[in-house]
Amino acid sequence: WATATPKDGDPRLVIDLVTQMAYVYRGDALIGASTMSSAKKGKVTPLGHWKVLEKKKFHRSRKYDNAPM
């Protein structure tokens with residue numbers, strides 16, 4: 001991850017399903033990258049542009065026995 005991030009520009013997350021990498025940008029500047037896993041074998045991850053609809057600082061799973069998320 002970048003030690004300093006630009007103040008200007010919208011944040012954006014780019015997912016590469018072929019390489020299983022996630023890239024985080026602020027404006028046009030790359031500020032971080034991480035490996036990721038998009039789906040289980042035999043499952044399909046839908047393609048498209050998605051917006052964050054809700055964010056919580058602390059969330060617990062309803063599906064996984066109240067596990068912290």
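Where does Ala-39 lie relative to β3 (29–35)? In this predicted model, Ala-39 is placed in the segment after β3, and its relative accessible area of 33% makes the residue partly exposed. Ala-39 and Ala-4 stand 35 residues apart along the chain, and a distance of 32 Å separates their C-alpha atoms.

The largest pocket of the model encloses about 620 Å³ of space. Its lining comprises 16 residues, of which Leu-13, Val-14, Ile-15, Gly-48 and Trp-50 are the closest to the pocket centre. When the lining is divided by class, ten residues are nonpolar, four are polar and two are charged.

Two of the residues named at the pocket centre, Leu-13 and Ile-15, also contribute to a nonpolar surface patch of about 390 Å², which they form together with Leu-17 and Leu-47. Within this patch, Leu-17 belongs to the loop that connects β1 (11–16) with β2 (21–26), and Leu-17 is classed as partly exposed because its relative accessible area, at 30%, falls between the limits of 20% for buried and 50% for exposed residues.

With regard to charged side chains, the count of salt bridges comes to one. Side chains of opposite charge can pair when their charged atoms come close. In the present model the pair consists of Glu-54 and Lys-56, whose side chains meet at 3.8 Å, taken from N to O, a distance that satisfies the criterion of 4 Å. Glu-54 is itself exposed, since its relative accessible area of 60% is over the 50% limit.

Definitions and conventions: Residues numbered from 1 in each chain as written. Predicted model: local features only at pLDDT ≥ 70, side-chain atom pairs only at ≥ 80, totals over all residues. Heavy atoms only, no water. 1 Å grid on protein atoms, 1.4 Å probe; cavity = no way out; pocket = protein on both sides within 12 Å on 5 of 7 lines; lining within 4 Å. Points joined across faces, edges and corners; volume = space filled by probe spheres on them. Nonpolar A, V, L, I, M, F, W, Y, C, P; charged D, E, K, R; others polar. Patch = residues over 30% accessible without salt bridge, like charges linked within 9 Å, V, L, I, M, F, W, Y side chains within 5 Å. Areas by Shrake-Rupley, 256 points an atom, 1.4 Å probe, with all protein chains shown as cover. Helix = DSSP H or I, 4+ residues; strand = E, 2+ residues; numbered from the N terminus. Buried < 20%, exposed > 50% of the residue type's maximum accessible area, 1.4 Å probe, protein only.
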